[in-house]
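Student: I would like to go through the reasoning behind some structural labels. Can we take them one at a time?

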Amino acid sequence: MEPERKRSPALHACHPCRRTIPYRIYAVIHTCGIISLMYNHAHSLATADTTLTTSLLLISDVVLAFMWATTTCLRFNPVHRTEYPNRCAAKPNEDFPKVDVFICTADPYKEPPMMVVNTALSVMAYDYPSDKISVYVSDDGGSSLTLFALIEAAQFSEHWLPFCKKNNVQDRSPEVYFSSNSQNWTDEDENLKTMYEDMKKRVEHVVNSGKVDKRHDHPTFIKVLQSDETEIMPNLIYVSREKNRAIPHHFKAGALNTLLRVSSVMTNSPVILTLDCDMYSNNPRTPLHALCYLSDTKLNSSLGFVQFPQKFHGVNKNDIYASELRRSFVINMVGFDGLMGPPYAGTGCFFNRRALYGPPTSLILPEVDELGLNWATDKPTKAEDVLALAHDVAACNYELNSNWGSKIGFRYGSLVEDYYTGYKLHCEGWRSVFCSPPKIAFYGDSPKCLIDVVSQQKRWTIGLLEVAFSRCSPIKYGVRSTGLLMGIGYCQYAFWAFWSIPLVIYGFLPQVALIYGFSVFPKSPDPWFWLNIFLFLGAYGQDLVDFVLEGGTCHGWWNDQRMWLIRGLSSFTFGFIEFTLKTLNFSSHGFNLTSKVNDDHKQSKRYEQEMFDFGASSTMFFPITMVAIINLFALVYGIYGIFVCGEGLMLELMLVSFGVVNSWPIYTAMVLREDDGKLPKFVCILAGIFACFVVVSGFFFLK
């Protein structure tokens with residue numbers, strides 16, 4: 001008999017969530033309730049004379065039922081995972097694969113260079129063989145300031161990296177480490193802090209002196225700022241691709257594809273980490289967690305990427321703007337992970353380079369051998385012929401009439417290139433894994449002002465609608481390619497904007513009906529009355545359970561659902577309108593970069609005090625202000641009806657009360673506040689006029 005082979009210890013484990021079976025049982029019950037509700041709507045439509053209101057409620061409930069179904073698909077088999085990085089770390093250094101890190105920035109005004117520097121230094125200092133890390137920074141702004149800051153970072157890294165590894169520093173971002181005010185600092189700490197502060201002053205002096213140049217058209221410029229050829233240090237490479245207004249550059253996806261080609265020529269590492277410039281590494285052992293999956297031979301042939309959760313530092317205690325997007329970045333990710341894996345979130349993701357070159361069963365070869373997966377990068381990164389070829393593949397016309405962006409690399413066709421790329425990889429047959437170690441892997445910056453939050457999510461809404469109504473729509477192509485549950489689960493994001501339909505209808509119709517004493521819901525003796533309450537409390541209750549079980553709090557959940565209502569009436573509604581206008585060629589939409597600068601101390605103070613900051617005047621604030629005004633007026637009128645007339649419309653009154661409680665921050669911003677973050681008077685007055693118009697219009701439609 002042959003001797004039994006010694007099995008290597010497992011690098012990871014998968015644990016099904018305990019709530020799976022109860023959720024499946026409840027899904028059956030809730031589905032029966034939805035079917036009954038639809039029957040009631042159909043019966044009312046056929047027998048009652050209130051065709052308009054019944055039709056609007058039917059449309060709303062159909063959309064809500066569909067969106068509930070997309071959520072339920074992600075509750076079918078949620079899983080949690082555990083990694084054992086110590087087992088991975090025990091390997092000899094030569095067994096670790098090389099890692100290319102892609103960091104994208106575009107505007108030194110909105111993304112301060114020192115932020116980019118800290119992100120780059122935090123990943124260069126990983127607990128990983130230094131000569132196997134290559135950091136590529138894409139600067140789409142072509143700014144000499146960003147280049148200057150990275151040159152300074154390269155010099156500082158010669159001191160910072162050895163210091164981190166010698167002292168086992170856990171905060172590898174210098175800004176975070178030196179802001180900790182530790183009482184146990186040594187002379188070495190103090191000297192290094194002085195070096196960092198001096199570097200920071202030099203960079204910020206250039207910013208303040210106005211020497212920042214922003215160029216829309218510029219040639220390719222690639223510079224190796226640090227290499228592993230003279231000493232064991234990571235590569236740091238600055239890349240500014242050629243841009244010409246006459247040729248589409250495809251925003252962030254185009255920048256990532258340029259880095260993919262340039263890195264293929266220079267280092268060609270089998271593992272790629274993509275990061276936003278504000279998303280610094282918080283866990284120096286993050287690559288080891290990713291390798292627990294990427295180096296698993298049972299997964300490697302079909303594993304496309306390992307996605308880490310997005311977390312944000314500086315979020316106030318109860319996250320008033322729901323900046324953490326816990327539902328999207330944690331709850332849904334856990335649900336996706338039990339199917340084919342989570343979507344690509346745009347940052348904090350380790351890719352198998354092979355996944356970007358076609359399906360697992362069919363490798364798509366690029367135009368030249370130097371861009372292929374098997375290209376041996378045995379020449380120095382500073383070699384003239386290597387740099388010459390890197391410049392060629394970074395040209396703005398290189399991708400014309402090629403497979404880049406369609407079959408190779410990060411995908412074009414949507415403003416949300418991350419969602420679309422992950423979706424297409426899953427459709428091709430690749431799988432992914434959600435990795436959420438106990439020590440958070442990455443931290444980023446979150447908006448501190450409501451207008452920044454809703455503007456960012458309006459852009460996402462437009463991009464998601466581009467996917468929803470494309471030939472690769474998840475509802476058809478996705479279901480066919482990935483299966484029913486995965487395809488419908490992807491619809492949760494693609495049809496995000498559809499939330500605006502029931503929110504607008506339920507935000508105005510029952511309230512106006514209550515004012516005129518017109519019933520749109522069943523009354524309390526009617527069994528259908530209790531069905532509506534059951535469906536509402538059931539859906540909200542299940543959402544609360546999900547939120548709390550995945551690490552949230554009840555207060556945080558309340559703020560999260562309130563922001564869902566606000567986004568639905570602002571981001572989703574205006575995103576839907578802008579997408580429709582764009583489809584009809586009445587307007588065009590570009591990529592508006594979210595500002596990462598937060599130097600308004602008064603705004604920061606309001607944020608810490610959990611006060612809504614509406615910032616500048618915006619049309620997106622009109623709907624939420626109108627809803628707040630109409631709900632308050634309807635509540636007063638409804639209570640008056642109960643005490644004076646002795647009767648009331650209970651479901652309508654309950655819904656209005658719910659709306660008023662959620663609108664409290666809006667009322668305070670309208671009336672009780674005098675700071676810069678209050679609602680502009682122009683918005684309040686115009687919203688009041690429109691609200692009166694809606695109420696008056698109700699007289700003709702309801703009577």
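Tutor: We start with the sheet and end with a surface patch. Keep in mind that this is a predicted model.

Student: Which strands form the open sheet, and in what order?

Tutor: There are eight, ordered β5-β6-β4-β3-β7-β10-β9-β11, with mixed pairing.

Student: Why do β5 and β11 count as edges?

Tutor: β5 (221-226) and β11 (431-434) each have a single partner strand, so one side of each lacks a neighbour in the sheet. From one strand to the next, the twist averages 20 degrees.

Student: What makes β4 and β6 a pair?

Tutor: Pairing needs at least two bridges. Strand β4 (residues 133-139) and strand β6 (residues 235-240) are joined by five, so they pair. The two run parallel. One residue of β6, L236, is the bridge partner of V135.

Student: Which helices lie on the sheet, and at what angles?

Tutor: Helix α13 (residues 417-428) packs on it, touching β9, β10 (349-352) and β11. Its direction makes about 145 degrees with that of β9. Helix α11 (residues 326-337) lies across β9 (303-307) and β11, at about 135 degrees to β11.

Student: What makes up the nonpolar surface patch?

Tutor: L52, V696, F699, F700 and F701 make it, over about 560 Å². Helix α25 (residues 681-702) gives the most, with four residues.

Student: Why is F700 called exposed?

Tutor: F700 is found in helix α25. Exposed means over 50% relative accessible area. F700 has 63%, so F700 counts as exposed.

Terms used
Residues are numbered from 1 along each chain as its sequence is written. This is a predicted model: local features need pLDDT of at least 70, side-chain atom pairs count only at pLDDT 80 or more; totals for chains, interfaces and linings use all residues. Side-chain values use heavy atoms; hydrogens and water are left out. Axes are lines fitted to C-alpha atoms, for helices over the stretch in contact, and angles run from 0 to 180 degrees between N-to-C directions. Contact means heavy atoms within 4.5 Å. Patches are made of residues with over 30% relative accessible area and no salt bridge: like charges are joined within 9 Å, nonpolar side chains (Val, Leu, Ile, Met, Phe, Trp, Tyr) within 5 Å. Accessible areas come from the Shrake-Rupley method with a 1.4 Å probe; for residues, only the protein chains shown count as cover. A salt bridge is a side-chain nitrogen of Lys or Arg within 4 Å of a carboxyl oxygen of Asp or Glu. Buried means under 20% relative accessible area, exposed over 50%, partly exposed in between (1.4 Å probe, protein chains only).
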